Amino acid sequence: MAKPNLLALLLIPLFLGSYSDSARPNDAELKTLLTIKRDWGNPTALSSWKNSNSNSNTTASASFPYCNWGHWAGITCNSKGQVTALSFQNFNISNLIPASICSLKNLTYLDLSYNNLSGEFPAAALYGCSALHYLDLSNNLFSSVLPTDINKLSSWMEHLNLSTNGFSGSVPLAIAGFPKLKSLVLDTNSFNGTYPGSAIGNLTELETLTLADNPFSPGPIPEEFGKLKNLKTLWLSGMNLTGGIPDTLSSLTELTMLALYENRLGGEIPSWVWKLQKLEWLYLYSNNFVGGIGQEITAVSMRELDLSVNRLTGQMPEAIVNMKNLTLLYLYHNNITGSIPSSIGLLPTLADIRLFNNRLSGPLPPELGKHSPLGNLEVCNNFLTGELPETLCFNKKLYDIVVFNNSFSGIFPAILGECHTVDNIMAYNNHFIGEFPWTIWWAFPNLTTVMIQNNSFTGTMPTVISSKISLIEMGNNRFSGALPSSAPGLNSFKAENNQFSAGLPANMSGFPNLADLNFAGNQISGSIPPSIRSLGKLNYLNLSSNLISGAIPAAIGLLPVLTVLDLSNNTLDGAIPEDFKNLRLLYLNLSSNNLSGEVPEALQRPAFYASFLYNPGLCAKSNSTLFLRTCSDGGDQNSRRKNRIILSVAISSFALFGFIAIAVGWIIYRRKKDRQDVTSWKMTPFRALDFTEHDILSNIREENLIGRGGSGKDGGTESGSCLAKWASKRYRNSGSGACAADLVDGEIQDPACLDDMVAVFELGVACTVEDPASRPPMSEVLHRLVRCCRSRQMAVDDDDCFAKDLCGDDSLDAVV
């Protein structure tokens, strides 16, 4: 058995003593960290910070357990076990920063971004961190003004990021009290005062300066910024800048990003901007810049160029081809004229082109998309002509085709039917012809929008539309054939003024998300299927000017959110469903159909005054404002008059025939009595008379006979009228008119009415003559009654003697 090495045994105590001495300061670091955790309220994100006994482990790494990122979250140490960095980004910490954090004397890096820290700037907690080089408090909830003594932070500060908080007021002069500062990031706050531009201009070590997205008091770009010759990023957007771009900034030759967008800057873009060799990102959009784009471009490092929403004029320079690294070109919303340089199609990395809302003309570059990964093409609202290049989707990256409101012509490139990366096609208001690629409707997995209206496209549609497509606008083309029966993702389907035929799908449950449906002006036939009830999200329905027939299904009245309905110019028949009362319509048009019956009372409103025109069978109530006839049970004067006419004719007919029957019976009876002695007659007076039965019989003459054994001659123009004339003559000759009591009842004994009574009496006698051939026809009877009535109307305005209901109405015109 080997003996232990004596030297080794002697060295063990020495080593242990040395280890113990070096561990002592680290024990203090450990205690400080545990104190910070406790003072911070033991946040969940620091639950891994635990004290563990590792004295049995003699390795150096085990003596600094908190330096193991996997065990103690957010901590970085140097080789001596001293904490140099705390990175608590997105730790969901909300409690105030404890002052004990500055007990870590070697702390140079503190990142507390993306938390929920609030309150004022934590000066008391951070001013003691004397070794701090890097402080990031961005994306929190801090507010109020920055302290005027903010320069009490470490004089070693190189990076200060306070962006995306709620700091307000002015930026204090003390912010420029860090001579070693390389990055000052104050963007996206609520600063509404001023900032010390001159003082910031003295921070000559600055490489990054961002003051963007703050409502500062309006003012120009400080010329002192031209002294920041190490500046690589200058982000001054959205901060109320005025004036132009000062030429002093031409000295910023190290710039890689210049962002001045969304200000009130004007004037021309300085020519030196196009000569910044290291400039990669130039964002000047949403200002008032005028003039043209520099013709001499040597900014060969440019990756993204956005000059949109200005007032630029002139043409696009051919020199853009020098920007070999250009991936994004935004010039939209300007007044740029001329053609698009063909050399743009040769740029090898160009992926996003937005030139819409200019005055560009001519064709697109013939090789556009062939040499670059073109993804987005937006050139709408120009005067471009020619055909779309076949090369647009050459590299299978194209996802956006926005070319509407131009004068493009020719066929839509068939190869685009194989460009499965496309998610948006907007080609409306052009002059395209030919068949639209059929595969686009169903084979594009990302396609959501197809807007191709107002062209001359032809073609058909598949039975099933891709479930990704949510918007189809294809009106005013020449598509034909049957309509699709399923489009699960479709929200809006507008296909008006095409040549679609056949009928609507029998089962419309294949459109569960449809809100707008417009098939107006096609050749759709058949009926509207009851399955339309399944379109529970339908808000707009227009099937006008088709060949649709049959009844309107009651299911339409059950659509819960329908507000616009147009079924005009079809051949629909039957009644309007009562279920329409459930709808909350803002617009309704059912005109020019064959509908009948009464319009539901809920729809008889002024808003729909013209909604039911040219439906001869429709009617409305008498008090309705609709331009329709009144229903028979509506109760207005016309309907009452019609009812009275029918009733009057019926009563008159029954009365006349009753009168004739009584008269005939009386004649038969008198003939039988004629065989008896005339003197056996008996007269029964119903009131006091001044003549007797003998007076009547003794005064009868030959001319008074009516027929054989009667009271006058048979035939002649006065046949049957002598008795009436005798009564009239007797009345007139009486002077006082007393004999009227012998002829009529007391309630109508008015001299003014005598002519009417005689006329009616005479007519009654004429209708009861013995010879039927001598009786006047019914038309003459009615005519004479009408003439009697009219004469009374002219003679007497408000005379009680005028028998208002003599003919069953106020006027007998209705009888005629």
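These legends go with a set of close-up views of a predicted model.

**View 1. The whole chain, before we zoom in.** This predicted protein chain has 816 residues, and 46% of them count as buried. Its secondary structure comes to nine helices and 46 strands. Look at the contacts in the chain with a separation of 6 or more, and you'll find that residues 24 or more positions apart account for 45% of them. As for the outside, the chain exposes about 39300 Å², with carbon and sulfur atoms supplying 54% of that area.

**View 2. An open sheet of five strands.** The strands here pair in parallel, in the order β12-β14-β16-β18-β20. At the edges stand β12 and β20 (311–312), and each has a single partner strand, so one side of each is left without a neighbour in the sheet. Further in, β16 (residues 264–268) and β18 (residues 288–291) run parallel and are joined by three bridges. To get your bearings on that pair, find G267 and look across to F289 in β18, which stands opposite. As a reminder, strands of a sheet pair through backbone hydrogen bonds, and they can do so either parallel or antiparallel.

**View 3. E280, in the loop after β16.** Follow the chain out of β16 and you come to the loop that leads to β17 (281–283), where E280 sits. Is this glutamate, E280, buried or exposed? E280 counts as buried because its relative accessibility is 19%, and the cut-off for buried is under 20%. Leaving aside residues up to four places away in sequence, E280 touches T256, S301, M302, R303 and E304.

**View 4. Parallel pairing around β24.** Strand β24 (residues 359–362) pairs with β22 (residues 337–338) in the parallel sense, over two bridges. One residue pair to pick out is T337 with its bridge partner in β24, R359. Strand β24 is also joined by two bridges to β26 (residues 383–386), and these strands run parallel too. For this pairing, look for S361, which stands opposite F383 in β26.

**View 5. T164, a threonine with a positive phi.** Most residues other than glycine have a negative phi. T164 is not a glycine, yet its phi is positive, at about 55°. Where does T164 lie? You'll find T164 in the loop between β7 (159–161) and β8 (166–169). With a relative accessible area of 29%, T164 is partly exposed.

**View 6. D213, an aspartate with a positive phi.** Here the backbone angle to check is the phi of D213, which is positive at about 55° although this residue isn't a glycine. D213 belongs to the loop that runs between β11 (208–210) and β12 (219–220). Strand β12 may ring a bell from View 2, where β12 stands at an edge of the sheet. D213 counts as partly exposed because its relative accessibility is 30%, and partly exposed covers the range between the buried cut-off of 20% and the exposed cut-off of 50%.

**View 7. A cavity and its lining.** The count comes to one cavity of 30 Å³ or more. The largest cavity has a volume of about 30 Å³. Which residues line the largest cavity? They are L483, P484, F493, P505, M508, F511, L517 and F519. Sorted by class, that lining has eight nonpolar residues, with no polar and no charged ones.

Note on methods:
Residues numbered from 1 in each chain as written. Predicted model: local features only at pLDDT ≥ 70, side-chain atom pairs only at ≥ 80, totals over all residues. Heavy atoms only, no water. Helix = DSSP H or I, 4+ residues; strand = E, 2+ residues; numbered from the N terminus. Buried < 20%, exposed > 50% of the residue type's maximum accessible area, 1.4 Å probe, protein only. Pairing = 2+ DSSP bridges. 1 Å grid on protein atoms, 1.4 Å probe; cavity = no way out; pocket = protein on both sides within 12 Å on 5 of 7 lines; lining within 4 Å. Points joined across faces, edges and corners; volume = space filled by probe spheres on them. Nonpolar A, V, L, I, M, F, W, Y, C, P; charged D, E, K, R; others polar. Contact = heavy atoms within 4.5 Å. Areas by Shrake-Rupley, 256 points an atom, 1.4 Å probe, with all protein chains shown as cover.
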